[in-house]
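Please open the model in your viewer, with side chains available for display and a distance tool at hand. The tour moves from one selection to the next, and each stop says what should be found there.

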Amino acid sequence: DVRWQSNNIYTDDNSAMPMGNYYFTGPDGNETKMEYIFGYILVDGDLTINLHHSSIPYSLE
């Protein structure tokens with residue numbers, strides 16, 4: 001399973017950049033948190049992904 005938590009979406013005339021967290025639940029029931037950011041632009045009227053980054057949040061533990 002995947003659960004999404006959006007923090008914000010930044011937009012302007014021809015682009016959007018949503019960011020937040022998503023949580024993967026494994027077969028054992030444990031959940032893993034990931035941070036994400038996507039970038040979208042309009043190209044000839046079509047929405048196109050021009051950026052994607054996901055990572056496990058930094059932890060001192």
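In this predicted model, a search of the whole structure for salt bridges returns one, and that is the place to begin. Select Arg3 and Glu31, whose side chains meet in this salt bridge with an N to O distance of 3.1 Å. Arg3 belongs to strand β1 (residues 2-11) and Glu31 to strand β3 (residues 31-43), so the pair ties together parts that lie 28 residues apart in sequence. Are the two partners buried or exposed? Arg3 has 42% relative accessibility and therefore counts as partly exposed, and Glu31, at 44%, also falls in the partly exposed class. As a general point, side chains of opposite charge can pair when their charged atoms come close.

Next, switch to a cartoon and colour the protein chain by secondary structure. The chain contains four strands and zero helices, and the order of its elements from the N terminus is β-β-β-β.

Select strand β2 (residues 15-25) together with β3, and follow the antiparallel pairing between them, which extends over nine bridges. Between the two strands of this hairpin there are five residues, and Gly29 takes a positive phi near 90 degrees. Then move along the chain to strand β4 (residues 46-55), which pairs with β3 over nine bridges, again in the antiparallel sense. The hairpin of β3 and β4 has two residues between its strands, and Asp44, in the turn, shows a positive phi of about 50 degrees. To check the register in the viewer, centre on Tyr40, which stands opposite Ile49 in β4.

Now centre on Asn21, a residue of strand β2 that stands opposite Glu35 in β3. Which residues does Asn21 touch, not counting those up to four places away in sequence? The contacts are Arg3, Trp4, Gln5, Asn7, Lys33, Met34, Glu35 and Tyr36, and the list includes Arg3, the residue whose side chain meets Glu31 in the salt bridge. Asn21 has a relative accessible area of 8%, which is under the 20% cut-off, and so it counts as buried.

For the next stop, show the aromatic side chains, among which a search of the whole structure finds six ring pairs. One of them joins Tyr22 and Phe24, with ring centres 5.1 Å apart and planes at 85 degrees, so this pair is edge-to-face. The two residues are placed in separate accessibility classes: Tyr22 is buried at 8%, while Phe24 is partly exposed at 37%. Extend the selection to Trp4, Tyr22, Phe24, Tyr36, Phe38 and Tyr40, which ring pairs link into a cluster. While rotating this view, it may help to recall that in a regular strand the side chains alternate between the two faces of the sheet.

Finally, zoom out to the whole protein chain. Its C-alpha atoms fill a box of roughly 45 × 25 × 15 Å along the principal axes, and its radius of gyration is 14 Å, whereas a compact globule of 61 residues would have a value near 10 Å. Colouring by accessibility should mark 16% of the 61 residues as buried, and the accessible surface comes to about 4800 Å², of which carbon and sulfur atoms supply 52%. Among the contacts with a separation of 6 or more, 17% come from residues 24 or more positions apart.

Key:
Residues are numbered from 1 along each chain as its sequence is written. This is a predicted model: local features need pLDDT of at least 70, side-chain atom pairs count only at pLDDT 80 or more; totals for chains, interfaces and linings use all residues. Side-chain values use heavy atoms; hydrogens and water are left out. The radius of gyration is taken over C-alpha atoms; the globule rule is 2.2 Å times the number of residues to the power 0.38. Buried means under 20% relative accessible area, exposed over 50%, partly exposed in between (1.4 Å probe, protein chains only). Contact means heavy atoms within 4.5 Å. Accessible areas come from the Shrake-Rupley method with a 1.4 Å probe; for residues, only the protein chains shown count as cover. A salt bridge is a side-chain nitrogen of Lys or Arg within 4 Å of a carboxyl oxygen of Asp or Glu. Two strands pair if DSSP finds at least two bridges between them. Rings of Phe, Tyr and Trp (its six-membered ring) pair if their centres lie within 6.5 Å; planes under 30 degrees apart count as stacked, over 60 as edge-to-face and the rest as tilted.
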